[in-house]
Amino acid sequence: MAKNFFSKRNVNFLLYEVHDVESLTQHSYFADHNKETFDMTIDAATQIAENLMFPFVKDVDKNQPELKDGKVKVHPSIRNYLKAVGESGIIGADFDYENGGAQLPVTITSAVGYILMSANNGMMYIGLTAGGARLIANFGSEDLKRDYIENMISGKWQGTMCLTEPQAGSSLSDITSSAEPLEDGTYKIRGQKVFISAGDHDATDNVIHLFLARIKGAPKGTKGISLFVVPKYRLDGADNDITSMGIYHKLGQKGVPAMHLGFGDKNDDCIGYLLGEPNKGLNYMFQMMNEARIGVGLTGVSITSAAYYAALEYAKERPQSRRLNAKTALDTPQIPIIQHPDVKRMLLFQKSVVEGGLSLLLETSKYFDLAEASDDPDEKENAHLLVELLTPVAKTFPCEYGVKSISDAVQCFGGYGFTEDFPVEQYYRDVRITPIYEGTTGIQSQDLLGRKVMMAGGKTMKLLAQEISKTIQSATGYSELKKYATLLTESSKQLQEVTMHLLGIAGTGDIERFLSDATLYMELFSLNVIAWQWLKQAIIAQQKLLSGNDDIDFYESKIHTMKYFFHYELPKTQGLATRLKDTEVLTIMTEKEVVM
């Protein structure tokens, strides 16, 4: 079993040195906080992760949830975990005081989420609870807030997001779940939902579903969707006619039950409470979906982190063969495999994905905080636009590249990596769902290219270009980094050229062709953004080294990994750009392909 699953030193580096989270306390909303309160929260999460989560990684995977007599039983460690995070205040830490939170920055709670999920992603329960409670806090009546928020953020009640239906999948326009108004202002709910994470289990006293349905007579399509709060048990303790119809047996993340639920199937007596206004449910739910997308990105980078540290530990301890230039010196000791170039390359790739991906997620979280708390209207708007632009990237890169990274972690172990003797086989299974969760890579890519790059008349891309330009300008002040500033400048220009080329196709009205390779555009975009994050880290590292800081190994490792990313990963943009500007389109269905 690996000893480590994350680096607290790296978390502190990103929070305090690269992204300067303390600067948020200059805003009145966060004025009650300082580094001490931030550290207390990080320390509490670390203790829970180390003591109540990490020791149960394998056990939770081996003893997955079971549905017996209509009830779902999960691993007993999950109840202890939920109790601990509830008592610590972690679940609603970034809620405002009025709703029982501590008004911590989302940047801090994102770091907390990374630590917890690195320890054991089979305990992925609290993110959905916090998201559901936040929806109620933002759009619910005073009664709903009073009745639900406290028990949710205390860990006593679970929250879920009920969107997907058997016949609709990702096409929310086609959902058929219905809501019939009753005289007392409540609604009778009917329908089925599938793939509902933590949709039912015995580690909590109640499950609160945030449920999309169509009120009878509502318009077709997404404009007729409303959002409801539908509890497993009503406030008086009565059963609310929700049936656990089955558990999906999954490739990974086996500690979290993915449920098929029936609402009103038994007695036609499932009651829901309208959240906000009728027919605006999807607009409300997008808040939770976007929050969940950041959460999925964090989950992806967290699982990747756990696998990386397991591989790094193994590579330092496992002796095999000699250096290539001394392979025939059989009278000399074998060397740790980390000294072999190919293993070193794989470890550098993993490190670049974990630390680059986490940096992007914290950057996006800080923009979220500024969008919420800034007193400057321009800064507030700009931060909001940057969150919109970066969210699909922050969800996608850590997940897609996380799969590749953990594949390399397995490779570092050789044949042992494919066995249950080491944890990376589990992490490889666990991470594969993350490119699917909360909007697949294809959906995120179409959102990025089809909507976000031209949001606000293209202002989003201009804002990002300005942020990257600031980093490039700063990097040019250091001789060690000038080369990389130039490389990022050239790559950014290439991204702009590709974007304009594709928007030209969009201007012809051929949307299918415009978006046909959106996932490749996402990868091109992501590699540029992660290169930006690595250059930001390298600037701080170079400053520290020049100032005579004692932590030389840490900072030199940062610069070395930045160089790896620029020399090994960023060049991939050349091939992607060539394909995206190619006039030959091969993926759009034509009659010529009908013959088998």
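Leaving aside neighbours within four places in sequence, Glu-569 is in contact with Phe-349, Tyr-401, Leu-527 and Tyr-564. In this predicted model, Glu-569 belongs to helix H17, which covers residues 552-569, and its relative accessible area of 3% places it among buried residues, since the cut-off for burial is under 20%. A polar contact of 2.7 Å joins the side chain of Glu-569 to the side chain of Tyr-564, so that Tyr-564 appears both as a contact of Glu-569 and as its polar partner.

A second buried residue with a polar pairing is Thr-41, located in helix H2 (residues 35-53). Thr-41 counts as buried because its relative accessibility is 14%, against a limit of 20%. A polar atom of the Thr-41 side chain lies 3.1 Å from the backbone oxygen of Thr-37. When residues up to four places away in sequence are not counted, Thr-41 touches Leu-104, Ile-108 and Val-112. Two of these, Ile-108 and Val-112, also take part in the packing of H2 against helix H5, a helix that spans residues 106-119.

Two packed helices are described by the angle between their axes and the distance between the axes. For H2 and H5, the axes come within 9 Å and cross at roughly 15 degrees; as angles under 35 degrees count as roughly parallel, H2 and H5 are therefore assigned to that class. The crossing in which H2 passes H5 is right-handed. On the side of H2, the contact is formed by Phe-38, Thr-41, Ile-42, Ala-45, Thr-46, Ile-48, Ala-49 and Met-53, and on the side of H5 by Ile-108, Ala-111, Val-112, Ile-115, Leu-116, Met-117 and Ala-119. Sorted by class, the residues of the contact of H2 with H5 comprise 13 nonpolar and two polar, with no charged residues.

The pair formed by helix H8 (residues 281-317) and helix H10 (residues 377-413) packs at an angle of about 20 degrees, with the axes 8 Å apart. Because this angle falls under 35 degrees, H8 is roughly parallel to H10. The crossing of H8 and H10 is left-handed, and the residues of their contact divide into 15 nonpolar, seven polar and three charged. Both H8 and H10 are also packing partners of helix H11, whose buried residues pack against helix H3 (57-62) as well. Helix H11, which runs over residues 424-431, is mostly covered, with seven of its eight residues buried. These buried residues are Val-424, Glu-425, Gln-426, Tyr-427, Arg-429, Asp-430 and Val-431.

The packing of helix H12 (residues 441-450) on helix H16 (residues 518-546) has an angle of about 75 degrees, and the axes are 8 Å apart. An angle between 65 and 115 degrees defines the perpendicular class, so H12 is roughly perpendicular to H16. H12 contributes Thr-441, Gly-442, Gln-444, Ser-445, Gln-446, Leu-448 and Leu-449 to the contact, whereas H16 contributes Ala-518, Thr-519, Tyr-521, Met-522 and Phe-525. By class, the contact of H12 with H16 contains six nonpolar and six polar residues, and no charged residues.

Elsewhere in the chain, Ile-78 occupies a place in helix H4 (residues 76-88) and is buried, with a relative accessible area of 0%. The C-alpha atom of Ile-78 is separated by 8.4 Å from that of Met-53, although the two residues are 25 residues apart along the chain; Met-53 is one of the H2 residues in the contact with H5. Apart from neighbours within four places in sequence, Ile-78 is in contact with Gly-122, Met-123, Tyr-125, Ala-203 and Gly-255.

Positive phi values in residues other than glycine were found at Ala-198, where phi is near 55 degrees, and at Gln-253, where phi is near 45 degrees. Ala-198 sits in the loop between strand E5 (187-197) and strand E6 (206-215), and Gln-253 in the loop between strand E8 (242-248) and strand E9 (258-263). Despite their placement in loops, Ala-198 is buried, at a relative accessible area of 0%, and Gln-253 likewise counts as buried, at 1% relative accessibility.

Notes:
Residues are numbered from 1 along each chain as its sequence is written. This is a predicted model: local features need pLDDT of at least 70, side-chain atom pairs count only at pLDDT 80 or more; totals for chains, interfaces and linings use all residues. Side-chain values use heavy atoms; hydrogens and water are left out. Axes are lines fitted to C-alpha atoms, for helices over the stretch in contact, and angles run from 0 to 180 degrees between N-to-C directions. Helices (H or I, at least four residues) and strands (E, at least two) are DSSP runs, numbered from the N terminus. Angles under 35 degrees count as roughly parallel, over 145 as roughly antiparallel, 65 to 115 as roughly perpendicular and the rest as oblique. A crossing is left-handed if the near helix is turned anticlockwise from the far one by less than a right angle, and right-handed if clockwise. Ala, Val, Leu, Ile, Met, Phe, Trp, Tyr, Cys and Pro count as nonpolar, Asp, Glu, Lys and Arg as charged, and the others, Gly among them, as polar. Buried means under 20% relative accessible area, exposed over 50%, partly exposed in between (1.4 Å probe, protein chains only). A polar contact is a pair of N or O atoms within 3.5 Å; within protein, one must be able to donate a hydrogen and the other to accept it, and residues adjacent in sequence count only if both atoms are side-chain atoms. Contact means heavy atoms within 4.5 Å.
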